[in-house]
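Student: I would like to go through a model feature by feature. Please give the general idea each time, and then the case at hand.

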Amino acid sequence: MLPRPVLAVIGVVVVLLGSAACRSEPAGPPAPRPVQVAWQAAVLPAPPGPAGRLLVRDVVTCAGRWYVVGGADAGGDQTRPAAWTSPDGVTWSPVPVAPVTYYGEQNVFYAAGCRGDRLTVLGAKNGGAHGNPRTSNWYLTGGRLVEVAAPFELYGGPNAVNVARVAGGAAGWLIVGARRDGAAAWVSTDGARFELIEGAPELAGDTRGRTTAYDVVATSSGWLAVGGLLVPGRTAVSPVVWTSPDGRVWQRVPVAGADEPGQPRRVTVVG
């Protein structure tokens, strides 16, 4: 069951009464009323294939259409990818999927990104000798989500750590995550074929500590990514933020409270 996606923005005005209350001051604007949000449950139809528990992992809107991505679990570790689309967040229909690899047939979609009406999705399934995630990227074409057959070490291999999130923007497409030497990025011009950028100065770990990237968003000047920094000699992870014009060259951004424990996991742009 999925609630209808609604964005609520609530403004609050706080008036402090102190010694200034004795002076004649012009009245400020009235406090805005809270937005009234009415949530409505929506039923996702079962995707083609064996009956099973539906898995919902991410939701995005592309050019006025909603997309929910996840999978279906038929039990006994039998999973398959699944996605749904809706023009209004109420009426949903399955999106056909076209896997091309053994693990792609078992993927569960966990992240999605948009650029205009283009949709790119990340999916994974644990497997192999070590049970590591077998990650794939998929893109929407001809009304279907098609898996891209990629070299194993693009997302996996001995340097793999995690493949986190994907976003689309004016500069193309970007995936963020981590490799053995720290935070990493994958860049693409079409949302289908990605190139790994690992060991990039400022983005990857260095003498200041080990980095991990968790999320990325497109901005008017390129990309903004967020993650964590584990400083040598410490056990708590601190927040770190990066910007990049192209996903290849990165710059760390000063963060208030950067010495405090905590790590941002999601980022979005408002306005």
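Tutor: We take the sheets, then the cores, the ring contacts and the backbone angles.

Student: What kind of model is this, and how are residues numbered?

Tutor: This is a predicted model, in which local features need pLDDT of at least 70 and side-chain atom pairs count only at pLDDT 80 or more, while totals for chains, interfaces and linings use all residues. Residues are numbered from 1 along each chain as its sequence is written, and side-chain values use heavy atoms, with hydrogens and water left out.

Student: How should I read the strand labels and the pairing?

Tutor: Strands pair through backbone hydrogen bonds, either parallel or antiparallel. Strands (E, at least two residues) and helices (H or I, at least four) are DSSP runs, numbered from the N terminus; two strands pair if DSSP finds at least two bridges between them. Here, one open sheet has four strands in the order β3-β4-β5-β6, with antiparallel pairing. β3 (53–62) and β6 (93–94) each have a single partner strand, so one side of each is left without a neighbour in the sheet. Inside that sheet, β4 and β5 are joined by eight bridges in the antiparallel sense, and G71 stands opposite P81 in β5.

Student: Which strands make up the open sheet that contains β17?

Tutor: That open sheet of four strands runs β16-β17-β18-β19, and its pairing is antiparallel. Its edge strands are β16 and β19 (251–253), each pairing on one side only. From one strand to the next, the twist averages 30° (axes are lines fitted to C-alpha atoms, for helices over the stretch in contact, and angles run from 0 to 180 degrees between N-to-C directions). β17 and β18 pair over seven bridges, again antiparallel, and W223 has S244 in β18 as its bridge partner.

Student: What are the partners of β13, and is the strand buried or exposed?

Tutor: Buried means under 20% relative accessible area, exposed over 50%, and partly exposed in between (1.4 Å probe, protein chains only). Eight of the eight residues of β13 are buried, so the strand is largely enclosed by the rest of the structure. β13 pairs in the antiparallel sense with β12 (160–169) over eight bridges and with β14 over seven. A hairpin with two residues between the strands links β12 and β13, and another hairpin joins β13 to β14 through two residues. For register, A167 stands opposite L174 in β13, and R179 opposite G182 in β14.

Student: How is a nonpolar core defined, and which residues have the most contacts in the largest one?

Tutor: A nonpolar core is a set of buried Ala, Val, Leu, Ile, Met, Phe, Trp, Tyr and Cys residues joined through side-chain atoms within 4.5 Å. The largest has 17 residues, and L174, L203, V216, W242 and W250 have the most contacts inside it. β13 (172–179), β14, β16, β17 (222–230) and β18 (238–244) each supply at least two residues of this core. Apart from it lies another core, of 14 residues, including V60, Y67, A83 and V95.

Student: What does L174 touch?

Tutor: Contact means heavy atoms within 4.5 Å. Leaving aside neighbours within four places in sequence, the contacts of L174 include V166, A167, W186, V216, W223 and W250.

Student: How many aromatic pairs are there, and how are they arranged?

Tutor: Rings of Phe, Tyr and Trp (its six-membered ring) pair if their centres lie within 6.5 Å; planes under 30 degrees apart count as stacked, over 60 as edge-to-face and the rest as tilted. The structure holds three such pairs. In one of them, F109 and W138 have ring centres 4.9 Å apart and planes at 80°, so the pair is edge-to-face. F109 lies in β8 (108–115) and W138 in β10 (132–141), 29 residues apart, and both are buried. For Y155 and W186, the centres are 5.8 Å apart and the planes at 45°, so this pair is tilted. Y155 and W186 are both buried as well.

Student: Where does a charge sit over a ring?

Tutor: The criterion is NZ of Lys or CZ of Arg within 6 Å of the ring centre and within 35 degrees of the ring normal. The charged end of R265 sits over the ring of Y214, 3.9 Å from its centre.

Student: Which phi value does D77 have, and where is the residue?

Tutor: Most residues other than glycine have a negative phi. D77 has a positive phi near 65° and is placed in the loop between β4 (65–73) and β5 (79–86). At 54% relative accessibility, D77 counts as exposed. E202 also has a positive phi, of about 75°, and is found in the loop between β15 (195–197) and β16 (210–219). With 24% relative accessibility, E202 counts as partly exposed.
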